[in-house]
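Here's a quick look at how charges and nonpolar side chains are arranged in one protein model. Pull up the coordinates and follow along.

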Amino acid sequence: MSAAIVLERQVTTHRLTELGVHGWPTWKDGVGTRQLDYDAAEKSYLLDGSATLSMEDGVTVEIGKGDLVIIPAGKCQWIVHNQVRRHYRSDALSPACCII
């Protein structure tokens, strides 16, 4: 059984600042289905859109604008219902990875 997806709904400004979310890279994807393989846990904060996430054990989570989700390492299927735009941060990356 895979680790659980952690979901925080309608995250506060204080929490976003605490995590440094606005300094994370941005990723966007259109409607469709994708299978992603995570080497390490990844945090995502949804700026826009909605999706259903499913881990290998079949547990699914519905996410939307304003949600923070922590996806554990492993295979995760994204079913994007409305174009997603999100900030993301992988635990596999060092803090300096995205500074240009």
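A salt bridge here is a side-chain nitrogen of Lys or Arg within 4 Å of a carboxyl oxygen of Asp or Glu. By that yardstick, Glu8, Arg15 and Glu18 are linked in a network of salt bridges. Keep in mind that this is a predicted model.

**Charged pairs**

In total, the structure has nine salt bridges. As background, side chains of opposite charge can pair when their charged atoms come close. Three of the pairs are set out below.

| Basic residue | Acidic residue | Closest N to O |
|---|---|---|
| Arginine 34 | Aspartate 29 | 2.4 Å |
| Arginine 86 | Glutamate 42 | 2.8 Å |
| Lysine 43 | Aspartate 91 | 3.2 Å |

Take arginine 86 and glutamate 42, whose closest N and O atoms are 2.8 Å apart. Arginine 86 sits in strand S7 (residues 74-90) and glutamate 42 in strand S4 (residues 42-55), so this pair ties together parts 44 residues apart in sequence. Both arginine 86 and glutamate 42 are buried.

Lysine 43 and aspartate 91 also form a salt bridge, at 3.2 Å from N to O. That pair links distant parts of the chain, with lysine 43 in strand S4 and aspartate 91 in the segment after S7, 48 residues apart. Aspartate 91 has 47% relative accessibility, so it counts as partly exposed.

What about arginine 34 and aspartate 29, with N and O atoms 2.4 Å apart? Arginine 34 is partly exposed at 26% relative accessibility, while aspartate 29 is buried at 14%.

**Nonpolar cores**

On to the greasy side: in soluble globular proteins, nonpolar side chains tend to be buried together. The largest nonpolar core in this model has 14 residues, and Leu53, Ile63, Ile71, Cys76 and Trp78 have the most contacts inside it. S4, S5, strand S6 (68-71) and S7 each supply at least two residues of this core. Apart from it lies another core, of seven residues, including Val11, Leu16, Val21 and Leu47.

Which residues does isoleucine 71 touch, leaving aside neighbours within four places in sequence? Its contacts are Tyr38, Ala40, Ala41, Glu42, Leu53, Met55, Cys76 and Trp78.

**A glycine in S5**

Glycine 64 belongs to strand S5 (residues 60-64). Its relative accessible area is 14%, so glycine 64 is buried. Beyond its neighbours within four places in sequence, glycine 64 contacts Leu46, Gly49 and Ser50. Glycine 64 and arginine 9 are 55 residues apart in sequence, and their C-alpha atoms are 8.5 Å apart in space.

Technical notes: Residues are numbered from 1 along each chain as its sequence is written. This is a predicted model: local features need pLDDT of at least 70, side-chain atom pairs count only at pLDDT 80 or more; totals for chains, interfaces and linings use all residues. Side-chain values use heavy atoms; hydrogens and water are left out. Helices (H or I, at least four residues) and strands (E, at least two) are DSSP runs, numbered from the N terminus. Buried means under 20% relative accessible area, exposed over 50%, partly exposed in between (1.4 Å probe, protein chains only). Contact means heavy atoms within 4.5 Å. A nonpolar core is a set of buried Ala, Val, Leu, Ile, Met, Phe, Trp, Tyr and Cys residues joined through side-chain atoms within 4.5 Å.
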